[in-house]
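Dear colleague,

Please find the structure below, followed by a short account of what was found in it.

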Amino acid sequence: MTEPPAARRLPIGERWLTLRNRLVASPCFQRWAAGFPLTRHIARRNTRTLFDLCAGFVYAQVLTACIRLDLFGKLADGPVTGADLALRLGLAPDKARTLLLAACSLDLIRELPGDRFALADLGAAVTGNPGIAAMVEHHALLYADLADPVALLRGESGPTGLSRYWPYAGGEPVGSEAAAPYGALMGTSQGMIAQDILDACDLSGIRHLMDVGGGEGAFIAAAAARLPNARLTLFDLPAVAERARLRLDRAGPGERIVCRGGSFHAGLPEGADAISLVRVLHDHDDGVVQGLLRAAFAALAPGGRLIIAEPLAGTPGAEPVGHAYFGFYLLAMGSGRPRTAEELSHMAQAAGFERVKEHKTRRPLLARVLLAHKSGI
C-alpha cells in the first residue's frame, strides 16, 4: 500500500515514530512484548505506568483518608497493632485493614511482624510538615473542578471552586473573610520552602527587603532571621497585609516588619534594594506578570536585586509537576500558567533587569530561584 503524500514528506525520524506507535498500539504486539525476554521489562513498566495514571485519583484519596483520620499522627510515637489502630481510627477492623494495606502499598506506612504498623519515610515526612496535609485537603476543590476536564478546557464548566477560593485571580476585591482560607494555606505552604529559597540566595549587603505578595508573612519572617539589621516590608492586598500584621505580631518578629496594603497594579513602594516574589508569578497571566516585573524594576533602588522563587515548568525529573499539575491547577484557577526558567528570564530582561541567573535549591520540584539585577547606574 502506497503511503499518502503527507506521510512521505515527514522527516525520517517522525515517520519511524509513527510506525513505531502503530506497532505499540497493536494488542498482538503488546501481548508478545509482555512475554519476550528482551522487551518484557519495558512492557511491564509501561503497563504499570499507564495503570498508575488511571489509578492516581484513588491513590490520592488513600492519602486524604490517612490525613483526615490522622493515621500518621497515631503512628508518630512508634508501631501500633492493627487492632489498636482500628479502634483509634474509629473503623471496623476489616475497613481499617483495607486502609492500612493501601497505605503500605504506597510506602506511606510499613507492616511489621505481629500485625503491627509503623511510619514509612513518606508518612513521617507528612507528620513533620503541616503544609503537605493542608495542600492535600485543599485538593478537594481541584478534584471537583476537574470532574469534567474537557468542559474545563473548553471553558464550559462555569465558575470553578478554585476561582472562588483565589478571588484575586479574577480581579475581585478581597475582604478579610475571603482572604482567610487562602492566606492560611499560603502561610503553611510557604513555610515548606522558605529556608530552601533563602539558602539559595546571596543576601549579603541587603539593607531593605520587600516581599511582594507575601501572604501572611511566612517568607518574610524566615528572612528576618537571616537579615537581623535590615528593614523588612511585606506588601500584599490590604486584607491580606492586615492578617499578616496580626500573625507576625503574635509570632514575634512583627516589630521589625512593616506590612503595607495595596495593589501592585498601581505600582510598588519605592526604595527597597531587594524585592522577593515567592510563588507569585505563576498565578497570573503574561500581561500581569510583565507589569509586575516592570513595577518591581521601577521600585528597586539602583543596583537592587529581584528574587523570583516558584515551581517552574521543565524542571528535570519533575516534568509532570509543571505542565500537568500546575497547568491544570491554574486552568481551574482561571489565571496564570506554568513557565520555564528561560521564559521568566526573558520576561525579567524585557522589564529592564540584567544578569538573570538561576541559583540551585535543595528541592527544585517545590521551588527554583532566579536572581535578577537592576543596573546601579
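Helix 7 (residues 93–105) lies across strand 2 and strand 3, running at about 110° to strand 2. Such angles run from 0 to 180 degrees between N-to-C directions, with axes fitted as lines to C-alpha atoms, for helices over the stretch in contact (heavy atoms within 4.5 Å). Helices (H or I, at least four residues) and strands (E, at least two) are DSSP runs numbered from the N terminus.

This is a predicted model, in which local features need pLDDT of at least 70 and side-chain atom pairs count only at pLDDT 80 or more, while totals for chains, interfaces and linings use all residues. Residues are numbered from 1 along each chain as its sequence is written, and side-chain values use heavy atoms, leaving out hydrogens and water.

Strands 2 and 3 belong to an open, antiparallel sheet of three strands in the order 1-3-2; two strands pair if DSSP finds at least two bridges between them. Strand 1 (80–81) and strand 2 (109–112) are the edges, each pairing on one side only. Strand 2 is joined to strand 3 (residues 116–119) by four bridges, and R110 has A118 as its bridge partner in strand 3.

The largest nonpolar core has 30 residues. Such a core is a set of buried (under 20% relative accessible area, 1.4 Å probe, protein chains only) Ala, Val, Leu, Ile, Met, Phe, Trp, Tyr and Cys residues joined through side-chain atoms within 4.5 Å. Helix 12 gives the largest share, six residues. Among the residues with the most contacts inside this core are I197 and V369. Beyond its neighbours within four places in sequence, V369 is in contact with residues including I197, I307 and H359.

Yours sincerely

Definitions and conventions. Buried < 20%, exposed > 50% of the residue type's maximum accessible area, 1.4 Å probe, protein only.
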